[in-house]
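User: I would like to go through this model with you and ask, for each term you use, what it rests on.

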Number of protein chains: 2
Amino acid sequence: MSVLIVGSTALDSIKTPKAENPRLLGGSASHAAVAASFFSPVKLVGVVGDDFPKKYIQLYKKHRVDLQGLQILPGKTFHWSGEYEVNMNNRRTLLTELGVFETFTPTLPRAHQNSQFVLLANIAPSLQSHVLNQMERPKFVAADTMDLWLNIALADLLKLLKRLDLFVLNDSEAHMLTKQDNMFSAIQKIHKLGPKYVIIKKGSHGSVLSSPKGFFICPAYPLHKVVDPTGAGDSFVGGMMGHLASARGSVDDNIRRAMVYGSVVASFCCEGFGLTRTTMVKRSDIEKRVRELEKLTRF
Amino acid sequence: MSVLIVGSTALDSIKTPKAENPRLLGGSASHAAVAASFFSPVKLVGVVGDDFPKKYIQLYKKHRVDLQGLQILPGKTFHWSGEYEVNMNNRRTLLTELGVFETFTPTLPRAHQNSQFVLLANIAPSLQSHVLNQMERPKFVAADTMDLWLNIALADLLKLLKRLDLFVLNDSEAHMLTKQDNMFSAIQKIHKLGPKYVIIKKGSHGSVLSSPKGFFICPAYPLHKVVDPTGAGDSFVGGMMGHLASARGSVDDNIRRAMVYGSVVASFCCEGFGLTRTTMVKRSDIEKRVRELEKLTRF
């Protein structure tokens, strides 16, 4: 089955202690769409300006991403610029130019409205809800978020949470949202806000799923070198949703393995700037790391 | 087979945001010995003063810990007092009274010198080496450490490392020792310092083993409530060494499972002050959590 993915489509200028890379293809939806495309057909919903490089359109197409829902408007593409510290864990934003993203209203083409698997990648929760309003009867709806929305759009996010099957957030965002230090207590509070499935992302420490069938401790693929972690969380959730949509059987039967696949795609994402490494990956490379993770965690 | 454990034997006064507990049984060797005792006979080497409460001698004996190597000297038992912050991750030392520990020289009874499994729990590396000097031909020698020794006794520690099979340290200590941000790079540097086996402890994120047979990602048992994490690392390594000594076959065949058992004992340790929870645990409680961890990590 295909996955509908809405989120940001951007140009990222990323500075690390070792290099500087201007105007890479970025944004939550770009990372999630490429990650999902290894497993399922993807329908992308987003907006770019008329300055958006043609090579990036080609790159989406190479991954067979359906671009019917990608608006190309007069103006500038959303541009984010950020800098990572030496340990690659902390980053600071140098510049945010919203461009055409400032007035973005995601509109679903008719053919997208009956999608079964929906990923509301990180954008304003009001826009995530706006997409859901246009859907007929999706089977499984997941959303990601970021600290910004917890700070400036909490009411919108709380409304959205009631409509989700799965909410994905990182450990510090879980703490911000629930004020709970203990992960179990945080997860319990999030379930009460709506979603039956909650995933807490912990970066290089992996992730944890809480679901109707219990908990799952999902490993991160250990990396010898992290080049640029931008988009790793989006790749994780994109890869996971792509794999989930491709698998037969129930979500409960498949979500653990789907998370492992997401984790592996995220590991490739970290090995290059922007999407440069991810877009070089073959399905067999992914399968190899999944098998390695099986060995690395077996006891 | 039995495990010889040398380390500190102390009285710990522990303050957390919710409670204050004076003069609990503590010290690296106490935690490690009780943890190991669930799986193998334990020989303890340490020192206490003549103020050491009889109830704690009884507690060791309840766990069938061989106390031939425990010196009881005139003077005061090592007393440590510390305070945890709200999130239970950061602690600060309020008071350290070394007492008889100041001049401690671990002397092995004749019967201990041919021990096969040796755990040099956290004490000064010169004392850890002094114990090794008295051993005949141990089969597997593991050592733990702490940031203090990296700061004030690095030369001694580097000498010790050449004589170890396994070195256990936490992630921040690995960074201090190697100046490497990446875990793989840190581990490679530590292997070059001597030990064939390296374990990096990551608290509630579990631990990672690097061994001649490759890597293992060991999960932490997820806890609903952490009461007092003091001694969790000692319990982990003690439980692991106890399990390793109890298992048939090679270290390579057994060390992953041994780590999981250590991880489970450490989880119990965190659920009570000092050793209060650990000493209530039955073997069947441990087996139950090991089975749960199997389910929590399977995909």
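User: To begin with, how many helices and strands does chain A have?

Analyst: This is a predicted model, and in it chain A has 10 helices and 13 strands.

User: What makes chain A as compact as a globular protein of that length?

Analyst: The radius of gyration of chain A is 18 Å, and the globule rule gives 19 Å for 299 residues; the two values are close, so chain A is as compact as a globular protein of that length. Along the principal axes, the C-alpha atoms of chain A fill a box of roughly 50 × 45 × 40 Å.

User: Why are strand E5 and strand E13 of chain B said to stand at the edges?

Analyst: The open sheet in question has nine strands with mixed pairing, in the order E5-E4-E1-E8-E9-E10-E11-E12-E13 of chain B. Strand E5 (65-73) and strand E13 (214-218) of chain B each have a single partner strand, so one side of each is left without a neighbour in the sheet. On average, neighbouring strands of this sheet are turned by 15 degrees against each other, direction ignored.

User: How do you know that E12 and E13 of chain B pair?

Analyst: Pairing requires at least two bridges between the strands, and strand E12 (residues 207-211) of chain B is joined to E13(B) by five bridges, in the antiparallel sense. One of the partnerships sets B:Ser210 against B:Phe215 in E13(B).

User: What does helix H8 of chain B touch when it packs on the sheet?

Analyst: Contact means heavy atoms within 4.5 Å, and helix H8 (residues 232-246) of chain B touches, among others, strand E1 (3-6), strand E8 (117-120) and strand E9 (140-144) of chain B, while its direction makes about 175 degrees with that of E8(B).

User: Which strands are the edge strands of the sheet of four strands in chain A?

Analyst: That open sheet has the order E3-E2-E6-E7 in chain A, with mixed pairing; strand E3 (20-26) and strand E7 (91-97) of chain A are its edge strands, since each pairs on one side only. Strand E2 (residues 10-15) and strand E6 (residues 79-84) of chain A run parallel and are joined by five bridges, and A:Ile14 has A:Gly82 in E6(A) as its bridge partner.

User: What lines the second largest pocket, and how do its residues divide by class?

Analyst: The lining consists of A:Glu294, A:Thr297, A:Arg298, A:Phe299, B:Glu294, B:Thr297, B:Arg298 and B:Phe299. By class, there are two nonpolar, two polar and four charged residues in this lining. Helix H10 (283-297) of chain A and helix H10 (283-297) of chain B each supply at least two lining residues, and the space in the pocket is about 180 Å³.

Technical notes: Residues are numbered from 1 along each chain as its sequence is written. Chains are lettered from A and ligands numbered from 1 in the order in which they are written. This is a predicted model: local features need pLDDT of at least 70, side-chain atom pairs count only at pLDDT 80 or more; totals for chains, interfaces and linings use all residues. Side-chain values use heavy atoms; hydrogens and water are left out. On a 1 Å grid over the protein atoms alone, a cavity is a set of points where a 1.4 Å probe fits but cannot get out, and a pocket is an open set with protein on both sides within 12 Å along at least five of seven lines; lining residues have an atom within 4 Å of a point. Grid points are joined across faces, edges and corners, and a volume is the space filled by probe spheres set on the points. Ala, Val, Leu, Ile, Met, Phe, Trp, Tyr, Cys and Pro count as nonpolar, Asp, Glu, Lys and Arg as charged, and the others, Gly among them, as polar. The radius of gyration is taken over C-alpha atoms; the globule rule is 2.2 Å times the number of residues to the power 0.38. Axes are lines fitted to C-alpha atoms, for helices over the stretch in contact, and angles run from 0 to 180 degrees between N-to-C directions.
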